[in-house]
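The following exchange examines one protein model with its bound ligand. Please consult the sequence and structure shown below while reading.

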Amino acid sequence: MLSPEQIRQYKDNGFLVVPNILSAQEVDDFVNYEATQDPERRNHLDNHKLDEHWTKIAKHPGIVGPIRQILNSQKPMIVQTMYLEKRPAEPGKGTALHQDSHYLPNEPDTLMACWMAMSNTDGENGGLCVVPGSHKRGLYKTHKATNSKDHQVWEMEHLMRDRTGKEWKDKFYSFEIDGLDLSTVVNLEVPKGAGVFFSSHTIHGSYGNKSPDRVRRAFATHFVAEGTWVLRADVQNVVPAI
Ligand SMILES: O=C(O)CCC(=O)C(=O)O
């Protein structure tokens, strides 16, 4: 459970690093299992529905308990899961700095994430970066990522569906925030087994792995409160985390 001080920090900064959520054994079990699986599966966002190893992490009480507290006791629902591995010295594999509500529009906006470090992570090996306090300034304007040296650059169309069943298509791309002052970006040092909780409006992302020998591994789960409508059809069938 988070202390009142941790919840205050989360609300003030838009993120919170919590150590020792997963034991070294729990991390190793997942990482070793995943090493035996086809990495193509990681392109799907619903492995938590298909694979018990993914379910175990996404529904871990050390993750879901704090999520529930931050969501004011509302029931957390899992939207998507991602396992993000960056090998040493892989160029250009970062995620452009963005806010998650640009990728996962949802009504009302209750989206938040827990990003678990599945290896020791920091600025050198492409760990998570955040802009503290950015969640207080609403959704920023964006453009397609331009820094293709440091970040993945892509474009994709998604089917959207509202609560009434009306459907349309929207174009998504590797969002980058307009006019972001890069001096406000903080590289987090997150040890293996620790997690970062952050809100859907907190600007975050990562750079490539510049370490000569350290893999960067992360497992990210995105949650909404029960009753929230996720507009993207591919991740609309949210499942209870508890
Ligand atoms: O780990 C990364 O590189 C970025 C993760 C991310 O953007 C997320 O979990 O929402």
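**Strand pairing, packing and the ligand shell**

Q: Which residue is the bridge partner of L16 in β11?
A: This is a predicted model. β1 and β11 pair in the antiparallel sense, over four bridges. Within β11, the residue bridged to L16 is F197.

Q: Which residue of β11 is the bridge partner of W115?
A: β11 is joined to β4 by five bridges, and these two strands run antiparallel. For W115, the bridge partner in β11 is V196.

Q: Which strands are the edge strands of the open sheet of six strands?
A: The order of this sheet is β1-β11-β4-β13-β2-β15, and its pairing is antiparallel. An edge strand here pairs on one side only. That condition is met by β1 and by β15 (239–240).

Q: How many of the residues of β11 are buried?
A: A residue counts as buried if 20 or more other C-beta atoms lie within 10 Å of its own. In a regular strand, side chains alternate between the two faces of the sheet. On one side of β11, G195, F197 and S199 are buried, and on the other side V196 and F198 are buried as well, so that both faces are covered. The number of buried residues in β11 is five of five.

Q: Why do the buried residues of α5 lie on the same side of the helix?
A: In α5 (residues 61–70), the buried residues are I63, V64, P66, I67 and I70. They lie on the same side of α5 because the arc they cover around the axis is only 165°.

Q: Which elements do the buried residues of α5 pack against?
A: The buried residues in question are I63, V64, P66, I67 and I70. Their packing partners include one helix, α1 (4–13). The partners among the strands are β1 (15–18), β2 (76–86), β4, β11 (195–199) and β13.

Q: What is the phi of N72, positive or negative?
A: N72 follows α5. Its phi is near 55°, and is therefore, in sign, positive.

Q: Which residue in β12 stands opposite V130?
A: Three strands form an open sheet in the order β10-β5-β12, with antiparallel pairing. Its edge strands are β10 (186–187) and β12. β5 (residues 128–130) is joined to β12 by three bridges. Opposite V130, in β12, stands H204.

Q: Which element gives the largest share of the shell around the ligand?
A: The ligand is surrounded by L84, T95, D100, A113, W115, L128, H204, G205, S206, A218 and A220. Two or more of these residues come from each of β4 (112–117), β12 (204–206) and β13 (216–225). The largest share is three residues, and the element that gives it is β12.

Q: How many residues of the shell around the ligand are nonpolar?
A: The shell also holds four polar residues and one charged residue. The number of nonpolar residues is six.

Q: Why is the protein as compact as a globular protein of its length?
A: The protein has six helices and 15 strands. For 242 residues the globule rule gives 18 Å. The protein is as compact as a globular protein of that length because its radius of gyration is close to this value, at 17 Å.

Q: What percentage of the contacts between residues at least 6 apart in sequence join residues at least 24 apart?
A: The C-alpha trace spans about 50 × 40 × 40 Å along its principal axes. Of the 242 residues, 38% count as buried. Among the contacts in question, the share joining residues at least 24 apart is 85%.

Note on methods. Residues numbered from 1 in each chain as written. Predicted model: local features only at pLDDT ≥ 70, side-chain atom pairs only at ≥ 80, totals over all residues. Near = placed C-beta within 6 Å. Nonpolar A, V, L, I, M, F, W, Y, C, P; charged D, E, K, R; others polar. Buried ≥ 20, exposed ≤ 12 C-beta atoms within 10 Å, placed from the backbone. Arc of directions from axis to C-beta. Contact = placed C-beta atoms within 7 Å. Pairing = 2+ DSSP bridges. Rg over C-alpha atoms; globule rule 2.2 N^0.38 Å.
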